[in-house]
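Biologist: Please put the model up, and then I will ask about helix packing, the sheet, the cores and the chain contact.

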Amino acid sequence: MIASLAFKSLRNRRFTAALTILSIALAVFLLLGVERIRHESRESFAATVSGTDLLVGARSSPVHLLLSAVFHIGNATNNLRWDSYKAIASRPEVAWTIPLSLGDSHRGYRVLGTTADYYEHLRYGRDRRLQMAQGRLPEGEHDAVIGADVADTLHYRPGDSIVVAHCAGDVSFSLHEQHPFKVIGVLARTGTPVDRTVHVSLQGLDVMHEDAAADSESDPLLAAMQADSGSGAEPRAITAFLVGLKSRSAVLGMQRAVNEYEREPLTAVMPGVALQEVWEITGAVEKTLFAVSTLVVVVGLGGMLVALLTSLSERRREMAVLRSVGARPSQIFGLILGEAVFLTLLGIVFGVMVLYAGLITGQPWLESRLGLFIVVGWPTAYEVALMGLVALAGGLIGLVPAWRIYRYSLADGMSIRI
Amino acid sequence: MNCGSAWARDGHREKRKEEREKVIEQLRRTLSTHPSPLMPSPLVQLSNVRFSWPGAVSPTIDIASLAVSTGERVFLRGPSGSGKSTLLSLLAGVLAPQSGTVTVLGTDIGALGGAARDRFRADHIGFIFQMFNLIPYLSVVENVCLPCGFSAGRRARALQSGGTVEKEAVRLLSHLDMAGEGLLRRPVTELSVGQQQRVAAARALIGAPQLLIADEPTSSLDADRRNAFLELLFKECASAGITLVFVSHDASLEPQFDRAIFLADISRPSPDAPHRAAA
């Protein structure tokens, strides 16, 4: 009875009710959206480095090394020598290593020089291996394997020829045109920076750079010497390398050994620890965003309080009529509280709907522009708890007008006061 | 052991004797207030009722005795501010007196709890206000059906009489000349005041409550409509055997009722009302 009265009463004031629901829905959307992006970006970053025990590069700050070598944010300051890599890779605790050589780009996408170990040992997410979507693994030094985003955006297929530019950047005037690579494979989508990377062999990169050096300097002797020393042989330097250990318990000792390596200043980073440092930096911004969205929720619920309170004075006589036909003051109380709860719940439902619509439509944009891979899944327990808190807050706020009308209906009795 | 149980039995006998005496005493008291059991028992009985609003120096209502018989049409008159609405709230059990008893249908409603009084009102009392009787967001029929949502008894009686609650509502509305198709579908806010009052009357009558309380229901109607409204109201009350307590300050309506009560005559003079102090 009371529920149907509350519903009909709201239907009668549908414009105000719709505005109230809209403001709560937007507030909930913002609150959950901020939380979702925070959570998903952390998940996405953590998934990228999930299988790696240590990241080793030239001496620099751990955060900088992690961001530049793994996430391709910024550039590495220094390279490390090949013999240092070899020395560490041959230690007994080491299960596998993946050398990484960065610094070139192709139409805005990073070009990564690496070895067959990359395809063999790299893990992301929950222990997942890289899979080929098309083509095959690289063999020769002119072979290139591209990530899913590169293939989609630039419409490359196995057999296409690509030219690499020196320096990372969208536009570069220094193109290695004499040394084109041939796309022979496309990797399946991973939701990590791998999707936005062009992978070539270390040898291929070296040969390309030596050709370029020879070409620009027009010194046949130097070119011949470099070609002699480089082509087919080992590269002289790499940007960083990933290390997988036989036993995770060795990670601290290994990290110290690398940091104390005598022949070259190196830095070994535990990716998870470095990510925590990143989150500490971004934490303040996240807290601010969360505070702002919480305030928006408060404003939205405040709007509902105002709408309900202003409706009360004109509804006092309605309450007297209801009392005259036998409604108890507690039912009058429930009528107003029910309206508040109904408005809040509907606001939450619409907010979640807007959030999911936004996530589904915004997913490609977030991925291509921000490199943020949002998984559109069920709400997490934390998000459900947030929604529960909003519902609870809505109910508590509804107590204010409900209590007022309860007092009115006790005091007025059935006399109609306008 | 034996001794103990005999004692207990004695105590029990003693208690039952006390109870018997209590019942006899109660019967004696009832008989004294009802001079003859053959006389129709009063539907409403007020004795020594006092009620003061919080903060008021003197009681708004101070009535030694007032009785309304079953089926009677009583006209209750008094100047504004004389406590008419307060008296009606006491009769309807919205307010409870600070002292004395308000008995309706043999139930001392002042002794009931708040929720029980609300239930009692829903079951036995129909109410018509001076104006703004209708819930604006409900249709005409929904407005009339409202009491059946709060009282199972009135719902049952409406079902018995009309088949469904809605049919009974339409039947009552048609008796009050309100059943035109256009009228039933129109939003209640677009009805004229006279039409609104007739819808309110149908709502007060649905499910045949024993007592109908009308608080100046005709004060916003012109003379012709006032008489037509009263006529319809009387007819419906008579056919359903409903007792009517009708409040108005319009003395011209008085002759149409069985009995007229001037509130100032039954409510004791209060010291801070100057015109009474002079008298």
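Biologist: Which residues in H3(A) meet H10(A)?

Modeller: This is a predicted model, in which local features need pLDDT of at least 70, side-chain atom pairs count only at pLDDT 80 or more, and totals for chains, interfaces and linings use all residues. Residues are numbered from 1 along each chain as its sequence is written, with chains lettered from A and ligands numbered from 1 in the order in which they are written. Two residues are in contact if their C-beta atoms, placed from the backbone, lie within 7 Å. On the H10(A) side stand A:Pro271, A:Ala274, A:Glu277 and A:Val278, and they are met from H3(A) by A:Pro62, A:Val63 and A:Leu66.

Biologist: How is H3(A) oriented to H10(A), roughly parallel or roughly perpendicular?

Modeller: Helices (H or I, at least four residues) and strands (E, at least two) are DSSP runs, numbered from the N terminus. Axes are lines fitted to C-alpha atoms, for helices over the stretch in contact, with angles from 0 to 180 degrees between N-to-C directions. The axes of H3 (residues 62-69) and H10 (residues 271-324) of chain A come within 9 Å and cross at roughly 105 degrees. Angles under 35 degrees count as roughly parallel, over 145 as roughly antiparallel, 65 to 115 as roughly perpendicular and the rest as oblique, so H3(A) is roughly perpendicular to H10(A).

Biologist: And why do H8(B) and H9(B) count as roughly parallel to each other?

Modeller: B:Gly194, B:Gln197, B:Arg198, B:Ala201 and B:Leu205 in H8(B) meet B:Arg225, B:Phe229, B:Leu233, B:Glu236 and B:Ala240 in H9(B). The axes of H8 (residues 193-205) and H9 (residues 223-240) of chain B come within 11 Å. They are roughly parallel because of the crossing angle, which is roughly 10 degrees.

Biologist: Which strands stand at the edges of the open sheet in chain B?

Modeller: Strands pair if DSSP finds at least two bridges between them. The four strands run in the order E2-E1-E4-E5 (chain B), with antiparallel pairing. Each edge strand has a single partner, so one side of it is left without a neighbour in the sheet; the edges are E2 (61-69) and E5 (107-108) of chain B.

Biologist: How many bridges pair E1(B) with E2(B)?

Modeller: Within this pair, B:Arg50 is opposite B:Asp62 in E2(B). Strand E1 covers residues 42-51 of chain B, and its antiparallel pairing with E2(B) has eight bridges.

Biologist: Which residues have the most contacts inside the largest nonpolar core?

Modeller: A nonpolar core is a set of buried Ala, Val, Leu, Ile, Met, Phe, Trp, Tyr and Cys residues joined through C-beta atoms within 7 Å. Buried means that 20 or more other C-beta atoms lie within 10 Å of the residue's own. The largest core has 102 residues, and those with the most contacts inside it are A:Val28, B:Leu91, B:Ala202 and B:Ile213.

Biologist: What is B:Leu91 in contact with?

Modeller: Neighbours within four places in sequence are left aside here. The partners of B:Leu91 are then B:Val44, B:Val102, B:Val104, B:Ile213 and B:Val245.

Biologist: Which element gives the most to the side of chain B that touches chain A?

Modeller: The contact takes 18 residues from chain A and 23 from chain B. Helices H2 (84-91), H3 (114-124) and H4 (140-150) of chain B each give two or more residues to that side. With five residues, the one that gives the most is H3(B).

Technical notes. A residue is buried if 20 or more other C-beta atoms lie within 10 Å of its own, exposed if 12 or fewer, and partly exposed in between; C-beta atoms are placed from the backbone.
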